[in-house]
Amino acid sequence: PNGTSKNSNNNSNSNSNSNTSKMNKILKCIFIYITSILLFFSTSYHYFYFSNQINVIYAFFHNLSVQNDNRNDDVTHKITIYGDDAHHGPTVLTIFDETSNAFIPAENHQLYKFMKNAEYELEDSALYGDNFVQIQLKLDKEKIAFHESLQVSLRCIKTSSNANNSHDSSSSNNNYVEEISCNNFVSENDIVAFYCSSPKNEEIKNNIPEQSYKSYNDLKLKDAATIAQVRSSTKFHSSRGQKVILSSNTLWYIPTFPIIREDECFFRLWKNPNGSDEKTRKNTQLILLSTSTRLKLPSLEVPTGIRLSLTNDASEMVVQFTTGMSGVPIVQVVHPHKKVSVYRGQSTTYTSTDMCQYPANSTETGNFVPPGNLHTVLLNDLVPDKKYQYRVGLETTQKSTKKILYSLDYHKFLTSPTIGSDEPFSFIAY
């Protein structure tokens, strides 16, 4: 009986393989036929586009043939069309590491993880003999808009108590003040950390005792880099694109400040006594050397990503935008005959819990990025083929009082022509 069963299975597998082989031949013929058509109509301009389509078509038919051969469980087929599917997003401030000649991936940012669990000593000055040295982190602006550049400079100011060295008549108590090199006070293994805060976090801060500073630090930490990585990032970013003029004291050049839904951000410079060794660094107590001034971010109600969408009705237009604050989205429209209309819309958002898998569903900095509130407003009763002005806003309720906050700038759009019109009309699809 066992022999009979085995022969029966062999015959079944043989028929299955034969059928699969025939199916593979048919699918290959279809693939070759469609490929021939695409190649026939392709030109040099469309070559890259069609070649991608051919890869997709081949993968589609190949997957079909694999599915027809699912009786053989010992064979596993996996086709990757567009390369490795692993996530390799950079850190919040796009830190570049010259040693590995690559951006540091957010999901494997070892220094950030170390900073989340480090111990801190809150000192922001140093006394070297008779010299008092103040290490300063300076920002080249007090307020910043999303995607603007930012320069963080490093300065060391020495104050000497030796009266014989006094060359500054304006200095008090015969103290001599001068700017000196930071090389003797800041090493390549010291750490620059980037923090941001919001009113909610500040409320938490006010209820946290000073000895629990580590917990407060965890709330605000966004990114971290060694001095060596900071210099590598500055060198990399300043050599790309348009020529960048850096000051002599510039430590960190950030070409594009990220969209962060907080009120303000700042930098801190930490002394790392145990250097770059991972084993000794775990027990390191970092010493605070300097804290920058606070950098004011765009208000949470400031709209970003303002964009338009056509509908299948020439008298309509869809306006979409994003804010960090919730509220009722509003669009104010100025018609060609100067009439002003106000339209209200709907809002939505999503959180890390809506994502499928790591790292998208991780709330760690650099993985899931909160999108803010996504607003959509439908404008109707418009006249086809006419120019309109508009601005977006947010209606909020504070203490039972409604308040509308509009964007400062007006934007323009042209409605589509009436369906069936012979007038040329340009639009973009994305």
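Does Thr-304 count as buried or exposed, and at what relative accessibility? Thr-304 counts as buried, at 13% relative accessibility, because buried here means under 20% relative accessible area. This residue makes a good doorway into the structure, which is a predicted model. Thr-304 has its place in strand 14. Leaving aside its neighbours within four places in sequence, Thr-304 is in contact with Phe-146, Arg-261, Phe-321 and Thr-322.

Before following those contacts, let us step back and look at the whole chain. The protein chain has 430 residues, and 36% of them count as buried. Its secondary structure comes to 7 helices and 22 strands. Among contacts between residues at least 6 apart in sequence, 67% join residues at least 24 apart.

A word on confidence is useful here. The mean pLDDT of the chain is 75, and 67% of its residues reach 70 or more. Over residues 1-10 the pLDDT stays under 50, and the model has 0 contacts beyond four places in sequence for them. Residues 41-86 also have a pLDDT below 50, although this stretch has 31 contacts beyond near neighbours in sequence in the model. Where pLDDT is low, the predicted coordinates should not be read in detail.

Now back to strand 14 and its sheet. The sheet is open and is formed by 4 strands in the order 14-15-19-18, with antiparallel pairing. Strand 14 (304-309) and strand 18 (346-348) are the edge strands, each pairing on one side only. On average, neighbouring strands of this sheet are turned by 20 degrees against each other, direction ignored.

Strand 14 pairs with strand 15 (residues 317-323) in the antiparallel sense, over 4 bridges. You can pick out individual partners along this pairing: Arg-307 has Gln-320 of strand 15 as its bridge partner, while Leu-308 stands opposite Val-319 in strand 15. In a regular strand the side chains alternate between the two faces of the sheet.

Continue to strand 19 (residues 373-379), which runs antiparallel to strand 15 and is joined to it by 7 bridges. Here Thr-322 has Leu-374 in strand 19 as its bridge partner. Thr-322 is also one of the contacts of Thr-304, where we began. How many of the 7 residues of strand 15 are buried? The count is 6 of the 7, so strand 15 is largely enclosed by the rest of the structure.

Let us turn from strands to a helix. Helix 6 covers residues 227-238, and its 12 residues should span 16 Å at 1.5 Å a residue. The end C-alpha atoms of helix 6 are 16 Å apart, which agrees with that expectation. The buried residues of helix 6 are Ile-227, Gln-229, Val-230, Ser-232, Ser-233, Thr-234, Phe-236 and His-237. An α-helix has 3.6 residues a turn, so residues three or four places apart point the same way.

Lys-235, by contrast, is exposed, with a relative accessible area of 53%. This lysine forms a salt bridge with Glu-98, and their closest N and O atoms are 3.2 Å apart. The pair links distant parts of the chain, 137 residues apart: Lys-235 sits in helix 6, and Glu-98 in the loop between strand 1 (96-97) and strand 2 (102-103). Glu-98 counts as partly exposed, at 43% relative accessibility.

Side chains of opposite charge can pair when their charged atoms come close. The structure holds 10 salt bridges, and a few others are worth visiting. Glu-179 forms one with Arg-155, the closest N and O atoms being 2.9 Å apart. This pair links strand 7 (residues 176-180), home of Glu-179, with strand 6 (residues 150-160), home of Arg-155, across 24 residues in sequence. Both partners are partly exposed: Glu-179 has a relative accessible area of 39%, and Arg-155 has one of 27%.

Another salt bridge joins Lys-222 and Glu-262, with the closest N and O atoms 3.6 Å apart. Lys-222 lies in strand 9 (residues 221-226) and Glu-262 in the loop between strand 10 (250-254) and strand 11 (264-271), so the pair ties together parts that are 40 residues apart in sequence. Glu-262 is buried, with a relative accessible area of 11%. To end the tour, look for Glu-264, Arg-294 and Lys-296, which are joined into one network by salt bridges that share partners.

Terms used:
Residues are numbered from 1 along each chain as its sequence is written. This is a predicted model: local features need pLDDT of at least 70, side-chain atom pairs count only at pLDDT 80 or more; totals for chains, interfaces and linings use all residues. Side-chain values use heavy atoms; hydrogens and water are left out. Helices (H or I, at least four residues) and strands (E, at least two) are DSSP runs, numbered from the N terminus. The expected span of a helix is 1.5 Å times one less than its number of residues. Buried means under 20% relative accessible area, exposed over 50%, partly exposed in between (1.4 Å probe, protein chains only). A salt bridge is a side-chain nitrogen of Lys or Arg within 4 Å of a carboxyl oxygen of Asp or Glu. Two strands pair if DSSP finds at least two bridges between them. Axes are lines fitted to C-alpha atoms, for helices over the stretch in contact, and angles run from 0 to 180 degrees between N-to-C directions. pLDDT is the predictor's confidence in each residue, from 0 to 100. Contact means heavy atoms within 4.5 Å.
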